[in-house]
Each structure stands twice: as C-alpha cells, then as structure tokens.
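Hi,

Here is the structure I promised to send over. Have a look at it first, and then read my notes underneath.

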Amino acid sequence: MSVTAGERLGAALACREADRVPFFLPVTLHPAKHLGLTPEAYFREPAAVVEGQLRMLDLLGHDAVTSFLHVSAEAEAFGGESRFVADGPPNAGAPPLAEAAQLERLTVPDPLAVPALARSLAVARELKARLGDRVPVLSGLTGPLSLPVLQLGFERYLDLLMDAPQLVQRLWRINEAFCIAWGNAQLAAGVAALVIFEPLASPALMAPERVRGHGLPALRRVREGIRGTTLLTTASTPVGSALAGFLELGFDGVGVSCADSLADAKARCQGRTALLGGLDGLAMAHWTPAEAEAAVRGALAAAGPGGGFILTEHHGEIPWTVPEATLQAVAEAVRRWGRQPISGAEP
Amino acid sequence: MKMGMVPSRQAEQALLDVDITALRAVLAQFHLVGSGLDPFETVLTPALESIGRSWEAGELALAQVYMASRLAERLIEEDLGVQIPLRRPHPPIAMAVLEDYHLLGKRLVLASARLAGWTVADWGVASDPQELARRAHREQVAVLMVSTLMERSARRVAGVVETLRALGADTRVVVGGAPFRLDPSLCAQVGAAGTAATASAVPALLSGMLAVAP
C-alpha cells in the first residue's frame with residue numbers, strides 16, 4: 001500500500017524516514033494566477049482558494065496544502081488593512097497602532113471576528129473535508145515578537161523598545177494570547193500543523209539577549225498554549241546562534257534560512273525535532289530546471305539522511321515571479337532524488 | 001565606560017548598550033582632551049561604521065544598529081546643540097521608500113548620511129514608481145535612493161529607472177533593502193546604479209557617485 005502525504009509528513013515530524021523526503025512548496029499566490037484571478041478576487045473567495053490549492057496539489061504532488069492566505073490578514077485583526085496589488089502578495093497598509101494610548105487600551109482581538117481570518121478558517125475546513133487525513137492542511141501565524149512590525153511598524157517598534165519597553169512587553173503578552181487563540185482556531189478548523197513565523201527571533205534582527213530574556217519564554221508559552229503540532233521558523237532570516245535556544249522550546253519542527261548551514265542544522269536537530277527549509281524562493285525566480293534539480297539534490301544530501309527533514313521554501317511564500325515550470329522541476333527532482341534512505345554523499 | 005579604549009571604541013560600546021549617559025561621557029572626555037578634532041568624524045562616525053560592519057558580518061542585529069543610530073541622532077539633537085559640519089554644496093540627493101510602510105532602512109540611511117554631512121531630502125513613502133521618477137527629474141535630483149522591503153516593490157524600481165531614462169534624466173538610482181541584500185543580482189536587474197549593504201556604507205557610495213571628497 002502506498003504511503004500517503006500525511007504519513008510521510010508524520011514520519012518526518014517524528015524524525016523517522018518514510019518512502020521519501022516530504023516536500024511542500026508554499027504556493028499561496030500561484031493558484032490565483034493559475035485560475036486567472038487577481039490576488040484580491042482569489043483571497044476574498046474561500047472556494048477559489050480551495051480550488052487553487054487542490055489544483056496545485058495535482059500539479060506538484062507535494063505533501064500538503066495550505067489554508068494560510070497572507071500575512072496582512074493578521075494586521076486586520078488589530079485594525080490594519082491589506083492592500084492588494086495585481087501581481088504579488090497583498091501588503092499591510094499603514095501600521096494601525098500609532099499612539100501609545102492605543103497600546104495601553106489594546107485587548108486581545110477575537111480571530112473569529114476578523115473577516116480575513118474567518119476566510120482562512122473556511123478554507124481549512126473545506127480542504128480538510130475534501131482531503132481527510134490523506135493530505136495534511138498546513139497553515140501558519142506570525143509570532144508574538146514579529147506581530148509588532150505589522151502593528152506598529154518596525155521603526156516605531158524599536159523606538160518603543162528604547163523608550164517604553166513596558167508597553168512593548170504588554171503588547172507581546174497580548175500577542176501571545178492572540179497567537180494561541182488564532183492557532184487553536186485553525187487547528188479546530190482542520191489544520192494539521194502550524195508554522196509560527198518569528199523573524200524577530202533571529203539574531204540578525206533582534207539582539208540575542210533580548211530574545212533570550214523575553215522572546216523565548218513568550219514562544220514557549222505560545223507553543224504550550226497551542227494544542228497541536230507547531231513548527232517554528234524565522235521566515236528566511238538567518239537562525240544562526242539562536243538554534244540552540246529554539247531546540248529547547250519543544251516545537252515539533254524548526255525552520256532554517258538558506259543563509260544557515262543546512263547540514264549543521266540537521267546535525268543539531270537529528271532525532272530531536274524535524275528540520276524544514278532548503279529552498280530559496282528569491283533564487284528560484286531565475287532557476288533553470290537543471291539548477292532546480294541541483295538545489296533539491298544539495299538540500300536532500302545535506303539534510304535528508306536519517307529522516308526528520310521537510311524540504312520547503314525557507315521564507316514561507318513562493319514569490320509571484322517564480323514560474324510554475326520551476327516548481328514542477330523542483331517537485332520532479334524530489335520524486336527522483338528524495339527516495340529514502342538517502343545517503344549524505346554530495347550529488 | 002572602559003578606560004584605555006580609544007574614544008570611538010568607547011562610543012561604540014555606549015551606542016550598543018543604548019546608554020546615552022556613557023556616550024555623553026565619552027564625548028565630554030574627548031572634548032576635555034582638547035584635541036581640536038571634530039567629534040563626529042573622529043568618534044561617532046567611526047563607531048557607527050564599525051557597528052554597520054559588524055551587522056554586515058552577522059555579528060549584530062538590525063535592532064542594535066537602529067538603536068545605536070537613534071542614540072547618536074538624539075545626542076546630536078538634544079545635547080550637543082551644534083550643527084554637523086556640512087560638506088561643500090553638492091547636487092540634490094533624495095530618498096524614498098517604495099510602497100512599504102516600514103521606514104527603518106530609510107531612517108538609518110538618512111541618519112548615516114546626515115552624520116557624514118550629506119543633505120538628503122526625505123520624500124517619505126512613494127506608491128507610484130513613475131511619479132517618483134518624474135519628481136526626481138523635476139527637482140533635478142542627482143542621486144535618488146530607493147528603499148524597499150518586499151520583493152515585488154524591489155522589482156518595481158525598474159519602473160523608476162526606465163521613466164528617468166525616458167525623461168532623459170541623468171539621475172542615478174541607488175537601491176537598498178532586504179530583497180537587494182538577499183538577491184545581489186536584483187540591483188542590476190532593475191537597472192540601478194548601485195546599492196549599499198548597510199546604511200553606514202551609504203556615505204562612501206555617495207562620495208564615489210558625486211565625486212565629492214570626504
């Protein structure tokens with residue numbers, strides 16, 4: 001009997017091998033193009049997203065679908081807006097929390113009351129109904145340290161960290177509660193595993209001592225509060241020295257950037273937690289099929305042996321400019337070279 | 001403050017500690033020595049350049065670079081009450097963020113340029129590449145610095161460059177931001193004249209482009 005995508009992903013999350021390395025290409029935008037819809041029309045209609053995800057599943061044969069829509073949807077929970085464009089992901093508009101008084105009054109928003117998030121839940125429910133346990137539905141959320149970039153703007157966030165750290169700490173606590181509520185709502189809708197995007201936990205963005213002092217405890221509380229499978233990633237920002245701290249938090253998987261050594265990360269994660277990453281979406285935009293194959297083989301050789309590896313794009317969203325043919329070349333290379341057991345020999 | 005360190009190293013430490021009292025002490029000590037040297041050029045600028053290099057080498061976080069830059073700005077604005085010596089008059093330079101509301105990079109670049117004596121017009125957020133180019137042409141800007149956060153915005157810089165060319169403008173476009181750092185080929189793809197990996201590298205880039213001695 002053939003191994004299902006769900007079993008393949010489950011084996012990797014349990015740090016075991018299956019028939020081949022599981023892979024997932026986070027195609028949040030391509031289905032719109034595929035269906036001939038604008039991103040706005042696509043993201044506003046859950047049925048279109050479901051149809052698009054199923055078409056991508058047929059096209060690529062990857063091991064999951066996603067109900068994640070776009071990052072700016074989370075900004076909407078705090079009064080922000082999504083600004084749609086015709087040829088890319090929606091961008092978050094002006095940061096909604098401009099005044100200190102707003103932070104003092106802020107309470108935890110109900111994710112179910114946010115239309116954009118409700119649409120994501122509708123997508124998850126329908127995908128789960130259609131696919132059952134055969135193909136898992138993945139999704140994600142922005143972590144408590146990184147949400148303030150959407151809420152305040154990066155500049156104001158750092159200004160407040162300098163001038164009013166108590167307000168930022170209050171915001172982090174609210175964000176923790178929101179992440180837990182939003183994560184559990186997605187799991188209840190049928191999502192099998194959640195990726196927590198936390199670029200601000202990267203030592204490239206935030207001083208490690210601040211992450212250790214406040215960030216890691218917050219992430220641990222989020223992980224403990226979400227009743228399901230959770231993975232942590234810095235969304236293409238280098239993990240570097242933070243990996244040791246991440247491994248202490250108990251996530252089911254950890255994502256690394258293509259700027260990190262995949263082989264080193266694998267050695268540290270082996271038998272402890274699943275590792276995800278290996279593909280650079282920006283580079284993908286100008287890959288030839290041969291380059292796509294070489295990239296896949298390199299990642300499989302570095303992190304495939306022994307199981308516990310999920311090959312994916314390191315940022316969490318394949319750029320709009322990546323051709324579908326390149327995605328198909330990646331998928332084909334995984335099917336060709338990803339059969340387990342994999343030796344660690346360089347291709 | 002650690003005794004025995006050169007003033008710029010002391011200033012660097014104070015900036016990284018976000019400790020304005022220590023930074024004041026470094027500069028006060030420097031003034032007491034009575035060297036007659038410019039404290040910006042000999043203390044603050046080298047300290048910020050060193051911090052920028054450490055960030056580029058992956059040894060510091062962007063938040064640390066930003067906070068150090070802000071602290072230096074505050075010291076100048078609030079404490080010293082003196083003007084940063086300006087360079088001799090130079091052709092107009094402007095800077096804008098294309099599409100995004102995350103202005104951190106712009107602020108870092110403006111602070112770095114200002115500390116090095118360059119006058120840069122802050123054009124805030126631009127949403128239309130063609131309009132940005134037309135404004136640069138209208139105001140006879142010699143160097144237009146464009147910061148982006150998203151990959152799509154970075155690619156739209158090509159529209160700025162093409163419009164400037166169509167207008168016959170000799171404005172040079174300098175790009176910066178995460179997409180250009182992560183994909184070094186992107187600068188050439190959009191037709192930009194140059195890019196700087198860090199804000200602290202911008203003054204040298206401007207000197208080279210405008211052939212103005214530092």
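Below is what turned up, going from the sheet in chain A to the contact between the chains and then to chain B.

One thing before the details: this is a predicted model, so please read everything here as computed from that prediction.

Let's start with chain A. It has an open sheet of 8 strands, paired in parallel, and the order across it is β1-β10-β9-β8-β7-β6-β5-β2. The edges are held by β1 (23–24) and β2 (65–66), each of which has a single partner strand, so one side of each has no neighbour in the sheet. If you want to zoom in on one pairing, try β8 (residues 253–255) and β9 (residues 274–279) of chain A, which run parallel and share 3 bridges. One residue to click on there is A:V254, whose bridge partner in β9(A) is A:L275. As a quick reminder, strands in a sheet pair through backbone hydrogen bonds, in either a parallel or an antiparallel way.

Next, where the two chains touch. How many residues does each chain bring to the contact? Chain A puts in 25 residues and chain B puts in 22 residues. On the chain A side, α9 (154–163) and α14 (281–284) each supply at least two residues. The biggest giver on that side is α9(A), with 5 residues. Sorted by class, the side of chain A that touches chain B comes out as 17 nonpolar, 5 polar and 3 charged residues.

Now chain B. You'll find 10 helices and 5 strands in it, and 48% of its 214 residues count as buried. Taking the contacts in chain B between residues at least 6 apart in sequence, 73% join residues at least 24 apart.

A helix pair worth pulling up in chain B is α5 (residues 104–115) with α10 (residues 202–210): they pack at about 65 degrees, and their axes are 8 Å apart. The residues that meet are B:V109, B:S112 and B:A113 from α5(B), and B:V202, B:P203 and B:L206 from α10(B). By class, that contact has 5 nonpolar residues, 1 polar and no charged.

Last, a single residue: is B:T21 buried or exposed? B:T21 sits in helix α2 (residues 20–33) of chain B. It has 9 other C-beta atoms within 10 Å, and the cut-off for exposed is 12 or fewer, so B:T21 counts as exposed. B:T21 is also 18 residues from B:P39 in sequence, with 16 Å between their C-alpha atoms.

Cheers

How values were computed:
Residues are numbered from 1 along each chain as its sequence is written. Chains are lettered from A and ligands numbered from 1 in the order in which they are written. This is a predicted model: local features need pLDDT of at least 70, side-chain atom pairs count only at pLDDT 80 or more; totals for chains, interfaces and linings use all residues. Axes are lines fitted to C-alpha atoms, for helices over the stretch in contact, and angles run from 0 to 180 degrees between N-to-C directions. Helices (H or I, at least four residues) and strands (E, at least two) are DSSP runs, numbered from the N terminus. Two residues are in contact if their C-beta atoms, placed from the backbone, lie within 7 Å. Ala, Val, Leu, Ile, Met, Phe, Trp, Tyr, Cys and Pro count as nonpolar, Asp, Glu, Lys and Arg as charged, and the others, Gly among them, as polar. A residue is buried if 20 or more other C-beta atoms lie within 10 Å of its own, exposed if 12 or fewer, and partly exposed in between; C-beta atoms are placed from the backbone. Two strands pair if DSSP finds at least two bridges between them.
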